Amino acid sequence: MRIDPNKCVACGNCVPICPMGAISIDLKTNRAAVDADECVECYTCYRGMSMEKLNPTLVRTVRRALKLFRLRFDPEPDVCPTSAITPDDLLWPRVVRRAFSDPIVTHESTGVHGRGTEEVKTNDVTNRIGVGEVGYVVEFGRPTVGVRFRDIEKMTQALAAIGIEFEAKNPVTHMMTDKKTGKLRDDVLNEKILSAIVEFKTRIENAPTVLRRVEEVSKTLDTIVAIGVSTRCGNGGESALDNVLSEEGFPFARGKTNLGLGRR
Ligand code: SF4
Ligand code: SF4
């Protein structure tokens with residue numbers, strides 16, 4: 001994303017809109033500017049603000065004149081008065097920022113919006129997680145924090161080393177040059193995105209090793225990591241995974257229950 005200096009009137013409205021804090025007012029030029037290294041191409045600024053087409057020279061003149069009388073002309077807070085916010089044509093590898101950060105973009109590798117697959121939301125139909133298995137979603141980054149692929153790679157390589165098989169349809173798996181080692185493409189490692197999810201499954205007896213490894217590696221990363229686990233319950237709703245989580249010291253709550261209504 002770019003801000004056209006010929007149009008920007010430095011009203012500052014776009015600054016708090018950016019979830020990455022990538023927009024600031026440059027006091028030397030008196031224009032807003034985007035820190036390209038921090039911008040994750042989420043399009044929140046461009047799509048989230050109304051773009052008006054006031055004449056920049058006129059707006060600057062009015063603002064200067066009012067300032068003399070200690071008055072201000074401020075547009076409505078969700079408006080860029082001069083349509084100065086301008087998307088760039090994104091080339092590889094920068095285009096992966098948008099694919100992982102703009103929720104309305106369909107990810108080429110999955111055909112669905114957003115960062116992951118349907119996980120286990122449709123497990124009653126897909127049978128992705130079988131009896132005695134555990135599905136994992138390891139989630140990196142958050143608005144204001146983000147994550148670079150080099151940090152995701154540290155986790156995927158550490159997980160691959162304990163024999164994890166990554167979910168083939170997941171967008172991060174598509175960035176791997178070697179699924180056995182968890183190695184990601186070198187040309188994306190420095191790209192920053194809002195968040196990403198790594199998905200895989202194991203037998204339930206391997207869950208303690210996985211949980212410990214994720215916790216250990218997450219402490220070395222320059223981002224936030226969250227983990228979600230899923231399993232099939234017995235007919236009475238009981239789950240052997242509950243005991244594993246308790247023994248490993250993970251406080252948990254059942255967040256989603258798939259009742260199997262999709263089954264034929
Ligand atoms: S909202 Fe538009 S005019 Fe105001 S600072 Fe941002 S880019 Fe410049
Ligand atoms: S595209 Fe997103 S990250 Fe980049 S400047 Fe706009 S709001 Fe901030």
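Guide: A residue is near a molecule or strand if one of its heavy atoms lies within 4 Å of it. This is a predicted model, where local features need pLDDT of at least 70 and side-chain atom pairs count only at pLDDT 80 or more, while totals for chains, interfaces and linings use all residues. Side-chain values use heavy atoms, leaving out hydrogens and water; residues are numbered from 1 along each chain as its sequence is written, and chains are lettered from A and ligands numbered from 1 in the order in which they are written.

Visitor: How does the shell around ligand 2 divide into nonpolar, polar and charged residues?
Guide: Ala, Val, Leu, Ile, Met, Phe, Trp, Tyr, Cys and Pro count as nonpolar, Asp, Glu, Lys and Arg as charged, and the others, Gly among them, as polar. Around ligand 2 sit residues including Cys-18, Cys-39, Glu-41, Thr-44 and Cys-45. The split is ten nonpolar, one polar and one charged.

Visitor: And which residues come nearest to ligand 1?
Guide: Its shell has eleven nonpolar, three polar and no charged residues. Of the 14 residues there, the nearest are Cys-8, Cys-11, Gly-12, Cys-14 and Cys-80.

Visitor: What arc do the buried residues of H8 cover?
Guide: H8 spans residues 240-247, helices being DSSP runs (H or I, at least four residues) numbered from the N terminus. Its buried residues (under 20% relative accessible area, 1.4 Å probe, protein chains only) are Leu-241, Val-244 and Leu-245. They lie on the same side of H8 because their arc, taken from the directions from the helix axis to the C-beta atoms, is only 95°.

Visitor: Which residues are exposed on the other side of H8?
Guide: Exposed means over 50% relative accessible area. On that other side, the exposed residues are Ala-240 and Glu-247.

Notes:
Helix = DSSP H or I, 4+ residues; strand = E, 2+ residues; numbered from the N terminus.
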